[in-house]
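Reader: Could you walk me through a few features of this model?

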Amino acid sequence: MACVTNNRAVIRWVADVDQLWPQTSSSATRPLTVHWAPNEAVQAALDRLSQDEKAKVLRFHFTSDAKMSLASCLLKRRAITQICEVSWHEANVTLDSNKKPCFVPEREATGKTIAFNVSHHGGLVALAACPGSATKLGIDIVSMSRADIATVARQGFETWVRTYEAVFSDRELSDIVNFVPPEGCDPQAEIAAKLRHFSLHWAMKEAYVKMTGEGLAAPWLKDLEFLNTRTPRHANELSLESEYGEAICDFEIYLYSERVRDVKLEVQAFRHGFLAIAASDRSIDFLPYTFLSLEEISPT
């Protein structure tokens, strides 16, 4: 499958790092970067990075983190080369004034610029990108873990949620705490449903502040509210044989109690338990998420 771009749309690519670099019997028992990195396929991918990028990847102690860092570097370079029409070695990422990754072309006369953002979680790395630097993009990907469920079961859901009071408004906290799971859930499934609803709120806020470039340190974080939310259903809940479940955007965004209408934000459910949220500061088409192979991410 070719990597599709569109001059008037946001591409959304996903890399599954465990499919790009499968575990061997050795790496499964010793999941450390020092044992994973010498692999021939890994070395070939690392050789496509700058020395700074390579050092950043190898700085991670655990293989899972190093894999996601490597995939992130490759995805960004792939998007830059395709959208900006520059060579692979010219597709170097730098940081803007907000410490947000960006691309500054060496040859300004080409006029090709790009907006992009990357997120990684649970072995998946997602990238959103579009031509031009005027658009602001944010993306976040989340899923819950067994450890989250165990922690909530031990602490109690409301007590656990209240540790995030600095992030959410009172109305959001009330919505999260008072969320009612579907009928018929056993205790563990009930916690899982509540955590998914919490993750939805968290990831929407994360995608929004990544779009602005201010991150979770934004002074208006508690004044940014997502109301009338619902968690999209995954493919298995819809009896679909697909990677992708429901995509929704029928919620309301408020900042300082004023309705925000010039931001596009979409929530996509995919695989089992993952949510991906993409945000743009203008009305622009979002292309469907596409899982890329290693050959598509890093063509030779």
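Author: What follows is a short chat about two helix topics and one strand residue in this predicted model.

Reader: What distance separates the end C-alpha atoms of H6, against the span expected for its 22 residues?

Author: H6 covers residues 63–84, and at 1.5 Å a residue it should span 32 Å. The model agrees with that, because the end C-alpha atoms of H6 are 31 Å apart.

Reader: Is H6 mostly covered or mostly uncovered, and which residue just after it takes a positive phi?

Author: H6 is mostly covered, with 20 of its 22 residues buried. Just past the helix, phi turns positive, at about 55°, and the residue there is Glu85.

Reader: How are H9 and H10 oriented, parallel or antiparallel?

Author: The axes of H9 (residues 170–177) and H10 (residues 187–212) come within 9 Å and cross at roughly 150°. Angles over 145 degrees count as roughly antiparallel, so H9 and H10 are roughly antiparallel.

Reader: Which residues of H10 make the contact with H9?

Author: The crossing of H9 past H10 is right-handed. From H9, the contact uses Glu172, Asp175 and Ile176. By class, the contact has two nonpolar, two polar and three charged residues. On the H10 side, the residues are His197, Phe198, His201 and Lys205.

Reader: Is Ala128 buried or exposed?

Author: Ala128 sits in strand E5, residues 124–131. Among the residues it touches beyond four places in sequence are Val10, Phe116 and Ile139. Its relative accessible area is 1%, and since buried means under 20%, Ala128 is buried.

Note on methods: Residues numbered from 1 in each chain as written. Predicted model: local features only at pLDDT ≥ 70, side-chain atom pairs only at ≥ 80, totals over all residues. Heavy atoms only, no water. Helix = DSSP H or I, 4+ residues; strand = E, 2+ residues; numbered from the N terminus. Expected span 1.5 Å × (residues − 1). Buried < 20%, exposed > 50% of the residue type's maximum accessible area, 1.4 Å probe, protein only. Axes fitted to C-alpha atoms, helices over the stretch in contact; angles between N-to-C directions. Parallel < 35°, antiparallel > 145°, perpendicular 65-115°, else oblique. Left-handed = near helix turned anticlockwise from the far one by under 90°. Contact = heavy atoms within 4.5 Å. Nonpolar A, V, L, I, M, F, W, Y, C, P; charged D, E, K, R; others polar.
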